[in-house]
Every structure is written in C-alpha cells, then in structure tokens.
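Here is a short briefing for anyone about to explore this model on screen. It looks at empty space in the protein and at how one pair of helices packs.

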Amino acid sequence: MSQATALPRPLAITLLCSVATLFATNHVAARVAFDEGTGLLLAILVRSSVAVVVLGTLVLLQRKSLRLPAGTAGWQLLVGLLVVVQSLSLYSAVARIPVVVALLLMNTLPIQLALISWAMGGPRPTARAALIMGVILAGLVVVLDVPTWLADPDAMGPDWFLGVGLGLAAAFVFAWALWITEHRLAEVGSTLRSLLTMLTVLVSMLAAGAAGLVPGGMDLPQSLAGAWGLAALGLFYGVAFSILFISVPRLDMARNAPAMNMEPVAALVLGYLILGQTLSPIQLLGGGMVLAGIVILGLSKQE
C-alpha cells in the first residue's frame, strides 16, 4: 500500500495547533467539571469511552486483526496500566493547580523520556540537548514560583505541592509507556495498540469505581455547569483524538510535532477566560522559557 500523501506544511501545522487547542479545551472543561463535584474516575471514564468508540470503529472499518504478536501481551497490559496512572495523575493535577501549569509539567515528557532512554542503554543526550533541558528546568522553577513556595508553602495553596508532584508523575509514567511502546511493542499496529490501551483505561476506571477505590470517584456533577464540563471534556477530547489519529499519516510528525506545544498556550488563554486562572508576569516568562526549550529540543531531534 502506498504511503499517504503528506499535507502541505502550513496546513499540517494549522491542523496540529487546532488539535492542541482542542486538547487544552478538554483539560479546561475537566477543571470546570471537577470544580462542580464531578468524580475523577467518571471524567476519565467518559474520555476513555470516547477514545474506545473511535478506535473500535477504525478497527472495524479497517478490518484489523485483534491478535497480538507472541510475547507482547504482557507489555501491552503494562502500557495500558501506565496510561491509567498517567490519566489519574494528570487529571488530579488539573483539579488542583492551574491547568496551564499542569500541562507545562506534563511537557517535561521529552526530558524524562531522553533520560529514561539513556538509562536503558540508549544514546546519551548531547551537550546541546543537556543545555536546552537545563533551560527548560530553569523555566519550570520560575513558572512554579519555587522561591515563593519555599519561603511560604501556604502562599501557593494547600494543593500546590501535590498538584505539581502529580503533574511530574504523569509525565514520568507516560515516558515509560512511550519507551516500552517503542522498544517492546514495535510489532503491534498503532490502531490495535491504542485500542487495547484505552480499553485497559476504561476497564480500570469501571473496576476502581465499582470497588470504591477513589472516594467520590464516580460522583456526578452537582450543577448544570459541571454537566456541561463533563460533556465538553468528552466531546473535545473525542474530536481532537479522532482528527489526530486519522490524520497522523499525513502530518509529517517528525517535522511538525513541535506545533503540539500550542496546548499550554491555549490552556493559558482559556484558563484565564473561562476559569479566571492567571499567572504572574515572572511565571509567564518561565512558561515561555519552558515552551521555547521544548520546541527547540523537538526541532533539534529532527536535524
């Protein structure tokens, strides 16, 4: 079968920026839902259900085989469980700290993946990459306003430290999921792999909810705004996920993936307009450092 024709680069970048904005909207909608009493497990259940429907439809339309290659079932299950932890951690961070900060923490993923790959016998990061990573980390120190937190932990709010830890944890476990996917599941088709991963998330949320493992995890929203937030997070995630997954063969991701870093920028604007969340000028500077470093790091890998 011939390779799909790549879209013109301006169109591909516009599409990726639009998808990133939709993902940001999903997280802002999730915060609205959480603020109105929606349970964490229910929110992830809604999101994963949409993904399963999309992926299941693609598998049926493309008549993909559901059989995994020998020796990959255990690794596939592990990836699914890691994504369960990532989903719980990221949404928990979104519920506790400004959405843009949670997403900036999630965007430490390239650094964590590079370090994990090195620890597992891969190439050592170059001096240039290490310098860029240092800039990103310095930007995080600024955006997290670490000096203020150290001077007066209560000034940042009671959930700040936990929210930051959860954001970093989300990136860490997802980095491991990506490493395993690349090195242990390369023979598994992307559609099947994604479907099984989302099914693992879906089943895990149902099991955790039935067992009552997360107090209030399946609580329904307590207001109309919360219901709209829950519906919106599923809608925006489903649209973004569908567009990205269907279009990815034509997006030349090797060149254009840095455009996805539009997500924290969109979250910053939407968080201000919808949630009233703001960052100080110095925090905005730190966020700019993080985004610039991530984009440069992504582009340097393509050289």
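**How two helices cross**

In this predicted model, helices α2 and α3 are oblique to each other, because their angle of about 120° falls outside the ranges for roughly parallel, roughly antiparallel and roughly perpendicular. The bullets below start with this pair and then turn to the pocket and the cavity.

**The α2 and α3 pair**

- Helix α2 covers residues 40-62 and helix α3 covers residues 73-96, and their axes lie 10 Å apart.
- The crossing of these two helices is right-handed.
- On the α2 side the contact is made by L40, L41, A43, I44 and R47, which meet S87, L88, Y91 and S92 of α3.
- Sorted by class, this contact holds six nonpolar residues, two polar and one charged.

**The largest pocket**

- Its volume is about 2,100 Å³.
- A total of 48 residues line the largest pocket, and L109, F174, L178, L244 and M253 are the ones nearest its centre.
- Helix α9 (residues 190-211) supplies the largest share of this lining, with six residues.
- The pocket lining is made up of 29 nonpolar, 13 polar and six charged residues.

**The cavity**

- One cavity of 30 Å³ or more is counted, and the largest cavity has a volume of about 40 Å³.
- Its lining consists of P98, V100, A267, L268, G271, Y272, Q277, T278 and L279.
- Helix α12 (residues 262-275) contributes the most to the cavity lining, giving four residues.
- Six of the cavity-lining residues are nonpolar and three are polar, with no charged residues.

Terms used:
Residues numbered from 1 in each chain as written. Predicted model: local features only at pLDDT ≥ 70, side-chain atom pairs only at ≥ 80, totals over all residues. Heavy atoms only, no water. 1 Å grid on protein atoms, 1.4 Å probe; cavity = no way out; pocket = protein on both sides within 12 Å on 5 of 7 lines; lining within 4 Å. Points joined across faces, edges and corners; volume = space filled by probe spheres on them. Nonpolar A, V, L, I, M, F, W, Y, C, P; charged D, E, K, R; others polar. Axes fitted to C-alpha atoms, helices over the stretch in contact; angles between N-to-C directions. Parallel < 35°, antiparallel > 145°, perpendicular 65-115°, else oblique. Left-handed = near helix turned anticlockwise from the far one by under 90°. Contact = heavy atoms within 4.5 Å.
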